[in-house]
Amino acid sequence: MHANESYQVAKQNGFSEPGLFVTIEGAGSLTLNGEKKLLHAGTFFIVDVDMPCSYCCIDGNWKFYFIDFAGMDMIKELELAIGQVKTSAKVADSVKLCEKIIEALIVKPVGYVYSVNILLQELLLLFAREKSITNTTRDPELDTVLYHMHQNIDRLFRVQDYIAESGLTRTTFFSRFRGMTGQSPAQYMLDLKLASAKASLETTNLSSKEIALALNFYDEFHFSKMFKQRYGFSPRTYRKMKIESDSSRH
């Protein structure tokens, strides 16, 4: 949903089913039981049923997804906050899942009801796992390190530079990094590079060789090997499949 200043919704009796707002750009205002909440970019918000509410766009721009679902059992089981605005670093990943849900509901392939339920579970698990990691293993020393890793995926990866930046010992750095991300620094950086390469294959005409060079892979062969291990297809095959998939929708 892309809303402007004219977008206003009032639900006197609240929602008939629970729902999830995921804001990707701009901001919206949601008033729930007389309490106003700001849904800004990079946040999600779970609303329960039968709670009078209204919501509108702020400053002429609010891009968000709203997914409703039956029952709150999984929400409660995962201990996700209800009625609270939560910031997430996983919004980009959640957008992909939301788009898949919407596509399935529009196209309605065989078994789409089951696939939508699975995607919804993945979406809720995404936020729950992030919450778990944040609550139990957050290390301020690594915040800047992670930021710089994301900003420097086009450069040669040297883990010793990030260890020095953190001020931690090598052993402590590796232990805390794995505790926060679930991966080693090298694997985390490789996944960042491969995700960027995947986006380039989808949205640009750059060759595999050019992408490999831009992201500082050892060579095109190494890039292709790592990409296939991660996504199951070579870069060339993946791009061909993506083009054919997009063409079939038009």
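**A walk around helix α10 and its surroundings**

At 26% relative accessibility, D246 counts as partly exposed. The model we are touring is a predicted one.

Visitor: In which helix is the place of D246?
Guide: D246 is the partly exposed residue we began with, at 26% relative accessibility. In space, D246 lies 43 Å from E141, C-alpha to C-alpha, and the two are 105 residues apart in sequence. The helix that holds D246 is α10.

Visitor: How far does α10 reach from its first C-alpha to its last?
Guide: Happy to work that through! Helix α10 covers residues 235–248, which is 14 residues. At 1.5 Å a residue, 20 Å is expected. The reach in the model is close to that, at 20 Å.

Visitor: Within what arc do the buried residues of α10 fall, seen down its axis?
Guide: The buried residues are P235, Y238 and R239. On the other side of α10, R236, K240 and S248 are exposed. What covers the buried residues includes α7, α8 and α9. Seen down the axis, the buried residues line one face of the helix, because they fall within an arc of 95°.

Visitor: Is α4 oblique or roughly parallel to α7?
Guide: Good one for a geometry fan. L146, M149 and H150 in α4 meet P185, Y188, M189 and L192 in α7, and α4 passes α7 in a right-handed crossing. The axes are 10 Å apart, and the packing angle is about 40°. Angles under 35 degrees would count as roughly parallel, so with its angle above that range α4 is, relative to α7, oblique.

Technical notes:
Residues are numbered from 1 along each chain as its sequence is written. This is a predicted model: local features need pLDDT of at least 70, side-chain atom pairs count only at pLDDT 80 or more; totals for chains, interfaces and linings use all residues. Side-chain values use heavy atoms; hydrogens and water are left out. Helices (H or I, at least four residues) and strands (E, at least two) are DSSP runs, numbered from the N terminus. The expected span of a helix is 1.5 Å times one less than its number of residues. Buried means under 20% relative accessible area, exposed over 50%, partly exposed in between (1.4 Å probe, protein chains only). The arc is that of the directions from the helix axis to the C-beta atoms. Contact means heavy atoms within 4.5 Å. Axes are lines fitted to C-alpha atoms, for helices over the stretch in contact, and angles run from 0 to 180 degrees between N-to-C directions. Angles under 35 degrees count as roughly parallel, over 145 as roughly antiparallel, 65 to 115 as roughly perpendicular and the rest as oblique. A crossing is left-handed if the near helix is turned anticlockwise from the far one by less than a right angle, and right-handed if clockwise.
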